[in-house]
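Please read the points below with the model open beside them. They go from the whole chain to single residues.

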Amino acid sequence: MEKYNFDEIIDRKGTSCVKHDGMLPDYGRDDLLPMWVADMDWRSPDFVMEAIRQRCQHEVLGYAIPSQGYWDTMQGWLRHRYSIDAHQEELHFIPGIVAGIAFAIQAFTQPGDRILVMNPVYPTFLHLPEGSRRPLSCSCLKVKDGRFAIDFDDLDSKAEGCRMMILSNPHNPGGTVWSRDDLARIAEICQRRHLLVIADEIHADLTLPAHQHVSYSTVSPAALSHSITFIAPSKTFNIAGLGSSISYIHNPQIRDTFHNYLNTFEVANGNIFAYVGAEAAFRHGEEWLSQMLRYLQGNIDYLRHWLDAHPQIQGILPQASYLAWLDFSALGFSHQELRDRFINRGRVALNDGTNFGGADYECCFRINLGCPRTTLQEALSRIEASIS
């Protein structure tokens, strides 16, 4: 018998959450079924909530530092799951991976320096460089055998003249798990082109059991020497609101530069609950995570069967994460027509594919599968009604 109930419907409206209470600016209405923002509708784990409650029993919420237990737990998780034998001085608390990427851009590049990404990609990878006056060099991924695939000749060409690459590993959107060979080829290009690689591995723990996540820093000595890796418990355990993540840097020169930036500007301090929640998640989370991934696989399988019944809709189903990529272009609707139908006819909120890289991704949308099965069933019924 399963210990945790992922079928439970939890009403999140009125809790000031982006996913449910923040739809109006993007969709023009707030009565939609939200299948967009990348957090899950499942209850945050009981052991995380209990750790926070216990800390609240001490009624002084002053400035906090991470405990030794926190660091030991972070190191143990990296060693056990990803064969990263990190020393404590190679780690640094970061108040969220988006913030960490922004700090890295400021610490290692100047306005005008080019930054490499692979499209379609998490929109923040595009917005952070553009907002910092760092032009983008975009290598477009291909779709091959139902997965995103890298055009390495194009990637090599686009890497010329860049200072940094922001890598989504596993990839968002679509949840493609890059192979060790894929990552080694990226590392060879970036080493030869002298790029610093920022590896966002926030979805690593959400790799489905049939697949294996490979951390970028482990694929070669070159990758280890020119990378910053970010991990976090936020997606894994549905605790994004705690703002808790970790950077791992082996190269002492890169590490010193980055840590000096963080410490000089005092931008990477955590709060009490960020430390407590992350430690509890990584210390006690194996059973919860295993059960959640089994349930998530059931949602992915349900979507796969739905796509089989709708062959004009192409899907990239996740090997990691709860995010799938749907391509409706064969239906013959314009992008704006599809968007209007989903919002106003089906009343379902999906992530607009053009936000992941522009007009090349018209008629594509990202859907969040991190929800009770009945919610997914309702969402797919609404999508079907929208386009029928």
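1. Secondary structure. The protein contains 15 helices and 15 strands. This is a predicted model, and the points that follow should be read as describing a prediction.

2. Overall dimensions. The radius of gyration is 21 Å, which agrees with the value near 21 Å that a compact globule of 388 residues would have. Along the principal axes, the C-alpha atoms fill a box of roughly 60 × 55 × 40 Å.

3. Burial and contacts. Of the 388 residues, 56% are buried. Among contacts with a separation of 6 or more, 74% are between residues 24 or more positions apart.

4. Surface and charge. The exposed area is about 16600 Å², and carbon and sulfur atoms supply 48% of that area. There are 34 positive and 46 negative side chains. The centres of these two sets lie 1 Å apart.

5. Cysteines. How many disulfides does the model have? The count comes to 0. For Cys 17, the nearest cysteine sulfur belongs to Cys 371 and is 14 Å away. Cys 17 is buried, at 11% relative accessible area. Cys 190 is not bonded to Cys 162, because the closest cysteine sulfur, in Cys 162, is 8.9 Å from its own sulfur, too far for a bond. Cys 190 is also buried, with a relative accessible area of 1%.

6. Cis peptide bonds. One cis peptide bond joins Asn 119 and Pro 120, with omega about -5°. Pro 120 sits in the loop between strand S3 (114-119) and H6. Another cis bond joins Asn 172 and Pro 173, with omega about 15°. The loop holding Pro 173 runs between strand S7 (162-168) and helix H8 (180-193). Please check both bonds by eye.

7. Pro 135. This residue lies in the loop between helix H6 (123-131) and strand S4 (136-140). Is Pro 135 buried or exposed? Neither label applies: Pro 135 counts as partly exposed because its relative accessibility is 29%, and the partly exposed class falls between under 20% for buried and over 50% for exposed. Beyond its neighbours within four places in sequence, Pro 135 is in contact with Gly 112, Asp 113, Arg 114 and Ile 115. Ser 381, which is 246 residues from Pro 135 in sequence, is 41 Å from Pro 135 in space, C-alpha to C-alpha.

8. Ala 274. Helix H12 (residues 272-284) contains Ala 274. Ala 274 is buried, with 0% relative accessible area. Leaving out neighbours within four places in sequence, the contacts of Ala 274 are with Phe 93, Leu 242, Gly 243 and Ser 244. Val 177 is 97 residues from Ala 274 along the chain, and the two C-alpha atoms are separated by 28 Å.

9. Positive phi outside glycine. Which loop holds Glu 266? Glu 266 is in the loop between helix H11 (252-265) and H12, and its phi is near 50°, a positive value in a residue other than glycine. Glu 266 is exposed, at 61% relative accessible area. Arg 347, also not a glycine, has a positive phi of about 55°. Arg 347 lies in the loop between helix H14 (335-345) and strand S13 (348-349). With a relative accessible area of 32%, Arg 347 is partly exposed.

Conventions:
Residues are numbered from 1 along each chain as its sequence is written. This is a predicted model: local features need pLDDT of at least 70, side-chain atom pairs count only at pLDDT 80 or more; totals for chains, interfaces and linings use all residues. Side-chain values use heavy atoms; hydrogens and water are left out. Helices (H or I, at least four residues) and strands (E, at least two) are DSSP runs, numbered from the N terminus. The radius of gyration is taken over C-alpha atoms; the globule rule is 2.2 Å times the number of residues to the power 0.38. Buried means under 20% relative accessible area, exposed over 50%, partly exposed in between (1.4 Å probe, protein chains only). Contact means heavy atoms within 4.5 Å. Accessible areas come from the Shrake-Rupley method with a 1.4 Å probe; for residues, only the protein chains shown count as cover. Lys and Arg count as positive and Asp and Glu as negative; His and the chain ends are not counted. The place of a charge is taken as NZ of Lys, CZ of Arg, CG of Asp or CD of Glu. A disulfide is a pair of cysteine sulfur atoms within 2.5 Å.
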